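Welcome, and thanks for taking a look at this one with us. Please open the model and keep the sequence at hand while you read.

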Amino acid sequence: MNKTKLIIMFVALICLGMGGFFMMTGAGYGSEPGKHANGKIKLPEPKYESDTSVEKALLERRSVRRYKDEPLTLGEVSQLLWAAQGITGQRWGFKTAPSAGALYPLELYVLVGNVDGIARGVYKYVPRGHELSKVIDEDLRDSLAVAALGQSCVRDGAIALVFTAVYERTTGKYGDRGIRYVHMEVGHAAENVCLQAVSLGLGTVVVGAFRDEEVKKVLSLPREERPLCIMPIGRI
């Protein structure tokens, strides 16, 4: 057997070994909805069609602060998170909400209190992979409500979303003007959640009254992240 054939066989064996490795560690392993892999929870694939038109969702959108004590489903949480910050263009990483320069300064946390299939705690949404990564193993809705000036809706939602921002991602390119762009972006993302909630028959409200440093402490946020708004969500 000549040297060329030996090299070809060697490369083929390496490729076969790598293929088996990726089968175990890649998207196919532990990627079923609700399954835990590498400390993350895989979310169900979002739906791209519904019986609710954009016009109807706009007509029916209201700020809702009272919720039933009933759980959300994993599918509903998946849909809400995708509406907020989901990936819609895999090649470039485009998301559901527009972002100046496609710089995406927002981060998204979800405080889970009453969701079928997800343990209580604080999770960070990972758009690339559409999954949740647990950051705190404790239900902190009460503490978040205290930081939000005692607003009961923050405590009573089955979940509470918290949008944060790393301003430097945008201001690094646009200077101080980038601050405005970040605030525009969180407005786009929050409205996406409002409209998606209507489509799912859920209620939510955008909360901006809170003590920033207390929210940062509750969520153990990195120094560079600043909280922008809270959105409790529940059944109505």
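In what sense do strand S5 and S8 pair, and over how many bridges? The two strands, S5 at residues 106–112 and S8, pair in the antiparallel sense, over seven bridges. Do keep in mind that this is a predicted model.

## Strand S8 and its partners

A good place to start is strand S8, which covers residues 159–165. On the S5 side, Val110 has Leu161 of S8 as its bridge partner. S8 is also joined to strand S10 (residues 226–235), again by seven bridges and with the strands running antiparallel. Here the bridge partner of Val162 is Ile230 in S10.

How many of the residues of S8 are buried? Seven of its seven are, so the strand is mostly covered, with buried meaning under 20% relative accessible area. In a regular strand, side chains alternate between the two faces of the sheet. In S8, Ile159, Leu161, Phe163 and Ala165 point one way, while Ala160, Val162 and Thr164 point the other way. Residues of both sets are buried.

## Two nonpolar cores

The largest nonpolar core has 36 residues, and those with the most contacts inside it are Leu132, Ile159, Leu161 and Phe163. Two or more residues of this core come from each of helix H3 (74–85), S5, strand S6 (121–126), S8, helix H7 (177–200) and S10. The element that gives the most is H7, with seven residues.

Another core lies apart from this one and has 23 residues, including Leu144, Ala147, Cys153 and Ile230. Ile230 has already appeared as the partner of Val162.

## The largest pocket

If you are curious about open space, the largest pocket has a volume of about 600 Å³. Its lining counts 23 residues, and the closest to the pocket centre are Ser50, Gln79, Trp82, Gln196 and Ser199.

Which helices each supply at least two residues of this lining? They are helix H2 (54–60), H3 and H7. H3 gives the most, with six residues. Sorted by class, the lining has eight nonpolar, 10 polar and five charged residues.

## A loop with two settings

The loop between strand S9 (202–204) and helix H8 (212–219) holds Val205. Is Val205 buried or exposed? It counts as buried because its relative accessibility is 2%. Leaving aside neighbours within four places in sequence, Val205 is in contact with Ser63, Val64, Arg65, Tyr67, Cys153, Ile230, Met231 and Pro232. From Val205 to Ile230 there are 25 residues in sequence and 8.2 Å in space, C-alpha to C-alpha.

Ala209 lies in the loop between S9 and H8 too. With a relative accessible area of 36%, Ala209 is partly exposed. Not counting residues up to four places away in sequence, Ala209 touches Ala148, Leu149 and Gln151. Ala209 and Ala147 are 62 residues apart along the chain, and their C-alpha atoms are separated by 8.9 Å.

## Gln85 in helix H3

Gln85 is found in helix H3, the helix that gives the most residues to the lining of the largest pocket. At 1% relative accessibility, Gln85 counts as buried. Beyond its neighbours within four places in sequence, Gln85 is in contact with Lys95, Thr96, Ala97, Leu106, Leu108, Tyr125, Pro127, Phe163 and Ala189. One of these, Phe163, is among the residues with the most contacts inside the largest nonpolar core.

Note on methods: Residues numbered from 1 in each chain as written. Predicted model: local features only at pLDDT ≥ 70, side-chain atom pairs only at ≥ 80, totals over all residues. Heavy atoms only, no water. Buried < 20%, exposed > 50% of the residue type's maximum accessible area, 1.4 Å probe, protein only. Helix = DSSP H or I, 4+ residues; strand = E, 2+ residues; numbered from the N terminus. Pairing = 2+ DSSP bridges. Core = buried A, V, L, I, M, F, W, Y, C linked by side-chain atoms within 4.5 Å. 1 Å grid on protein atoms, 1.4 Å probe; cavity = no way out; pocket = protein on both sides within 12 Å on 5 of 7 lines; lining within 4 Å. Points joined across faces, edges and corners; volume = space filled by probe spheres on them. Nonpolar A, V, L, I, M, F, W, Y, C, P; charged D, E, K, R; others polar. Contact = heavy atoms within 4.5 Å.
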